[in-house]
Amino acid sequence: MEKMWSGRFSQSASSLLDEFNASIMFDRELYIEDIEGSIAHATMLNKQGILTDKEVEDIKNGLNQVRSEIESGEFKWNISDEDLHMGIEKRLTAIIGDAGKKLHTARSRNDQVAVDFRRWTLKKNLSIVEAIKKLMREILVVAEQHTETLIPGMTHLQHAQPTNFAFHLAAYLSMFKRDIARFEDSYKRNNISPLGCAALAGTPHNVDRKMTAELLGFDSVSTNCLDTVSDRDFALEILFNISTMMMHISRLSEELIMWSSYEFGFVELSDEYSTGSSIMPQKKNPDVPELLRGKTGRVYGSLMGLLTVMKGLPLAYNKDTQEDKEGVFDAVKTAEISLEILKEAIKTMEVKPHNMEKACAIGHLSATDLADYLVEKCDIPFREAHFITGRAVAKGEELNTDLSQIEFKYLKEIDSRIDEDVMEYLVLRNSMNARTSEGGTATERTKEQLSFFKSFLEE
């Protein structure tokens with residue numbers, strides 16, 4: 001089949017080249033953006049006197065018919081057409097005749113694909129933001145029920161200080177809020193129109209780039225055409241944003257995996273989002289968070305793949321850039337399903353406060369409170385207080401007793417300056433609620449944090 005660019009060639013392309021060169025089997029994902037971009041381009045050409053009223057009407061009607069054929073499954077995608085742009089233009093010309101051949105006036109596939117892919121990516125930035133917000137709302141629902149539920153706060157995966165479960169979940173709300181900011185910033189930064197840049201240097205035709213930018217929802221037009229047709233920063237940004245978001249999802253998934261184990265027993269995932277073993281009938285495996293952990297690596301691969309493609313490209317467009325789409329399409333799809341299934345897994349999981357609070361009685365979580373008591377009440381320098389507290393912890397280990405439950409007489413033996421009021425400092429719930437600094441774990445502060453996130457989500 002004759003290529004639209006075949007005038008310069010004396011031999012037909014080999015079938016092997018057709019298969020190697022074509023992108024139509026995956027870039028057809030952009031058909032809506034391509035058709036909308038072509039309608040905007042034709043509308044502008046008509047305003048500028050380059051297309052007649054009849055020609056632009058035929059083009060619009062023909063493109064709408066093509067869209068209907070694609071959405072009904074009637075449209076035939078042919079690998080010999082190379083990409084969706086050629087496939088759609090060829091079908092348009094078959095429907096309306098020579099007017100279809102005029103559509104490409106003052107336009108190149110370089111700025112055409114830049115428009116299509118940029119608009120698709122910008123839309124996905126915003127749709128992912130909405131999906132993150134839905135996940136945050138489900139986390140908030142759980143968190144609001146557990147502002148007083150004690151859970152061991154950890155560093156180095158060792159018991160450190162008592163916190164509440166809502167405070168722990170609020171840490172993930174903070175992460176996801178930053179993710180939203182990144183996606184929204186990327187949208188604003190990249191919402192500029194490439195249309196009218198043509199191949200790389202602009203066009204001699206009297207086009208109105210601002211008009212097509214407005215018709216397509218862009219905030220402005222790009223500044224330099226040479227940069228614009230080869231720019232894929234917007235694609236790299238969404239891949240980075242998804243990678244960072246998936247890293248946050250993976251961290252939460254790791255904790256869900258640990259928390260659902262017998263060793264922790266803090267949560268139980270719903271049967272709907274768990275699987276069993278082929279050989280061990282007692283098993284209930286946390287496959288959802290495990291897969292989320294694994295898919296994070298998959299998304300990282302897409303980011304590194306495109307960074308590697310772009311790193312050595314001279315200006316302007318190069319065919320290497322055809323490799324920009326599949327990784328982005330896959331990463332976006334992965335992000336969308338990951339956010340949805342994590343939301344449902346959290347919505348349906350059972351939280352076990354008793355086990356969380358029981359775990360707080362292991363590891364001397366109120367040790368810092370004893371040191372603070374020695375500083376505040378006994379006027380002991382912190383370094384000395386730290387040493388005294390270490391001795392108290394050692395005594396607890398000797399007695400096989402957590403510091404929160406140790407008898408006062410043993411503390412008095414360690415340092416005579418300690419009075420009986422120290423026992424209130426060692427109560428785990430008092431320890432948690434003592435941390436009233438802004439952003440702290442005290443229940444009142446945790447409720448403030450949840451209120452902040454709730455207001456953010458209602459904006």
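**Figure 1. Ser 23 is buried, with a relative accessible area of 4%.** Buried stands for under 20% relative accessible area, exposed for over 50%, and partly exposed for what lies in between, with a 1.4 Å probe and protein chains only. The model is predicted, so local features are given only at pLDDT of at least 70 and side-chain atom pairs only at pLDDT 80 or more, whereas totals for chains, interfaces and linings use all residues. Residues are numbered from 1 along each chain as its sequence is written, and side-chain values use heavy atoms, with hydrogens and water left out. Ser 23 is situated in the loop that runs between α1 (15–21) and α2 (24–27); helices (H or I, at least four residues) and strands (E, at least two) are DSSP runs, numbered from the N terminus. When neighbours within four places in sequence are set aside, the contacts of Ser 23 (heavy atoms within 4.5 Å) are Glu 82, Asp 83 and Gln 322. Gln 322 is 299 residues away from Ser 23 along the chain, yet their C-alpha atoms are separated by 7.3 Å.

**Figure 2. Glu 82, a contact of Ser 23, has a positive phi.** The phi of Glu 82 is about 75°, although this residue is not a glycine. Glu 82 belongs to the loop between α4 (53–72) and α5 (84–96). With a relative accessibility of 6%, Glu 82 counts as buried.

**Figure 3. A cis peptide bond joins Leu 315 to Ala 316.** The omega angle of this bond is about 5°. Ala 316 is located in the loop between α12 (287–310) and α13 (325–348).

**Figure 4. Phe 117 and Phe 234 form an edge-to-face aromatic pair.** A search of the whole structure yields eight aromatic pairs. Rings of Phe, Tyr and Trp (its six-membered ring) pair if their centres lie within 6.5 Å; planes under 30 degrees apart count as stacked, over 60 as edge-to-face and the rest as tilted. In the pair of Phe 117 and Phe 234, the distance is 5.4 Å centre to centre, with 70° between the planes. Phe 117 is part of helix α7 (residues 109–144) and Phe 234 of helix α11 (residues 233–259), so this pair ties together parts that are 117 residues apart in sequence. Phe 117 is buried at a relative accessible area of 0%, and Phe 234 is buried at 2%. Together with Trp 120 and Phe 329, these two residues, Phe 117 and Phe 234, form one aromatic cluster.

**Figure 5. The rings of Phe 452 and Phe 453 are paired edge-to-face.** The ring centres of Phe 452 and Phe 453 are 5.3 Å apart and the planes stand at 70°, so the pair is edge-to-face. Phe 452 is partly exposed, at a relative accessible area of 47%, whereas Phe 453 counts as buried at 4% relative accessibility.

**Figure 6. Leu 157 lies in the loop between β1 (150–155) and β2 (158–164).** Although Leu 157 is not a glycine, its phi is positive, at about 60°. Leu 157 counts as exposed, with a relative accessibility of 53%.

**Figure 7. Thr 149 is placed in the loop between α7 and β1.** At a relative accessibility of 8%, Thr 149 counts as buried. Leaving out residues up to four places away in sequence, Thr 149 touches Thr 163, Asn 164, Phe 165, Pro 353, Met 356 and Glu 357. The C-alpha atoms of Thr 149 and Thr 43 are separated by 61 Å, and the two residues are 106 residues apart along the chain.

**Figure 8. The protein chain, shown as context for the close-up views, has 20 helices and six strands.** The C-alpha atoms fill a box of roughly 100 × 55 × 40 Å, taken along the principal axes. The radius of gyration of the protein chain is 31 Å, but a compact globule of 459 residues would have one near 23 Å; the radius is taken over C-alpha atoms, and the globule rule is 2.2 Å times the number of residues to the power 0.38. Of the 459 residues, 51% count as buried. Among contacts with a separation of 6 or more, 76% are between residues 24 or more positions apart.
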